[in-house]
Amino acid sequence: GDDREVPYGKSIGGRTYEETLSEVDRAVDMNAKKVKLKISPSNSDQILKALREIRGRYSDIELMVDANGTFDPSNANHINVLKQLDQQGLLMIEEPVSRVGEVKGINAVRMLKGKIPEFDTAICLDDCLSDKETTLRALDEDLCDVVNIKPGRIGSIVSAINLAYLCK
């Protein structure tokens, strides 16, 4: 057989700087190779500070953040935070925009790409990709680099597998 190791990763909820570092230390002690931090406008200062410290402590782990669509692409302060995140050497940012503000869904991602065309961090979309057509449109328009396919959202496990092949 084809033996492949699947690295252990840890998702850590939006906490304070100290709590985040403590959780990351525990995850690394348990051999985590990837860490995903939840981030929102309300905790972004704490998480940005933690990211910088984590990078200094553990240069070999892959870091990513999940914003759960909480940043507004029409808010200058939110755009500034996203620009700062883009400078952290992250593996990806999941669902940076889509749920808040006047513009939602993939239209919000389109707006973000217009505001920060030089955004280097891979963008992962999930919740705003509500169906096959929206997912393929997001890929065709280069709005995302990674797609998180959830069978319940797409309709079934078979539909999800078919969509994964189309995305590939």
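This briefing describes selected helices, loops and side-chain contacts of the structure shown above. The structure is a predicted model. Two helices, α2 and α3, are treated at the outset, followed by individual residues in the loops and in helix α5. For α2, the buried residues line one face of the helix, because they fall within an arc of 165 degrees when seen down its axis. For α3, the corresponding arc is 160 degrees, so its buried residues also line one face.

**Helix α2**

- Helix α2 comprises 14 residues, from 44 to 57. At 1.5 Å a residue these should span 20 Å, and the end C-alpha atoms are 20 Å apart, which agrees.
- The buried residues of this helix are Ser44, Ile47, Leu48, Ala50, Leu51 and Ile54. They occupy an arc of 165 degrees about the axis of α2, and therefore line one face of the helix.
- Asp45 and Gly56 are exposed residues on the face of α2 that is turned away from the buried side.
- The cover over the buried residues of α2 includes the helices α1 (17–29) and α3, together with the strands β2 (34–38) and β3 (62–66).
- Lys49 lies over the face of Tyr17, at 4.2 Å from the ring centre. Aromatic pairs, by contrast, number zero in a search of the whole structure.

**Helix α3**

- The buried residues of α3 are His78, Ile79, Val81, Leu82, Leu85 and Asp86. Seen down the helix axis, they fall within an arc of 160 degrees, so they line one face.
- Ala76 and Asn77, on the other side of α3, are exposed.
- Among the elements that cover the buried residues of α3 are α2, β3, β4 and α4 (106–115).
- At the start of this helix, a side-chain oxygen of Asn75 comes to within 2.8 Å of the backbone nitrogen of Asn77.

**The loop after α3: Gln88**

- Gln88 is located in the loop that runs between α3 (76–86) and β4 (92–94).
- With a relative accessible area of 13%, which is under the 20% limit, Gln88 counts as buried.
- The side chain of Gln88 reaches the backbone oxygen of Gln84 at a distance of 3.0 Å.
- Not counting residues up to four places away in sequence, Gln88 touches Leu48, Leu51, Arg52 and Arg55. Leu48 and Leu51 are among the buried residues of α2.

**The loop before α2: Ser42**

- Ser42 belongs to the loop between β2 and α2. It is exposed, with a relative accessible area of 67%.
- The side chains of Ser42 and Ser40 are joined by a polar contact of 3.0 Å.
- Ser42 and Gly14 are 28 residues apart along the chain, and their C-alpha atoms are separated by 9.2 Å.

**Residues with positive phi**

- Asn68 has a positive phi of about 50 degrees although it is not a glycine. It is found in the loop between β3 and α3 and is partly exposed, with a relative accessible area of 27%.
- Asp142, likewise a residue other than glycine, has a positive phi near 60 degrees. It is placed in the loop between α5 (132–140) and β6 (146–147). Its relative accessibility is 49%, and Asp142 therefore counts as partly exposed.

**Helix α5: Thr135**

- Thr135 is part of helix α5. At 1% relative accessibility, this residue counts as buried.
- A polar atom of the Thr135 side chain lies 2.8 Å from the backbone oxygen of Asp131.
- Leaving aside neighbours within four places in sequence, the contacts of Thr135 are with Leu129, Val147, Leu163 and Cys167.

**The loop after β6: Asn148**

- Asn148 lies in the loop between β6 and α6 (151–154). It counts as partly exposed, at 26% relative accessibility.
- The side chains of Asn148 and Glu94 make a polar contact of 3.5 Å.
- Asn148 and Leu125 are 23 residues apart in sequence, and 6.1 Å separates them in space, C-alpha to C-alpha.
- With neighbours within four places in sequence left aside, Asn148 is in contact with Glu94, Cys124, Leu125, Asp126 and Arg153.

Key: Residues are numbered from 1 along each chain as its sequence is written. This is a predicted model: local features need pLDDT of at least 70, side-chain atom pairs count only at pLDDT 80 or more; totals for chains, interfaces and linings use all residues. Side-chain values use heavy atoms; hydrogens and water are left out. Rings of Phe, Tyr and Trp (its six-membered ring) pair if their centres lie within 6.5 Å; planes under 30 degrees apart count as stacked, over 60 as edge-to-face and the rest as tilted. A charge sits over a ring if NZ of Lys or CZ of Arg is within 6 Å of the ring centre and within 35 degrees of the ring normal. Helices (H or I, at least four residues) and strands (E, at least two) are DSSP runs, numbered from the N terminus. Buried means under 20% relative accessible area, exposed over 50%, partly exposed in between (1.4 Å probe, protein chains only). A polar contact is a pair of N or O atoms within 3.5 Å; within protein, one must be able to donate a hydrogen and the other to accept it, and residues adjacent in sequence count only if both atoms are side-chain atoms. Contact means heavy atoms within 4.5 Å. The expected span of a helix is 1.5 Å times one less than its number of residues. The arc is that of the directions from the helix axis to the C-beta atoms.
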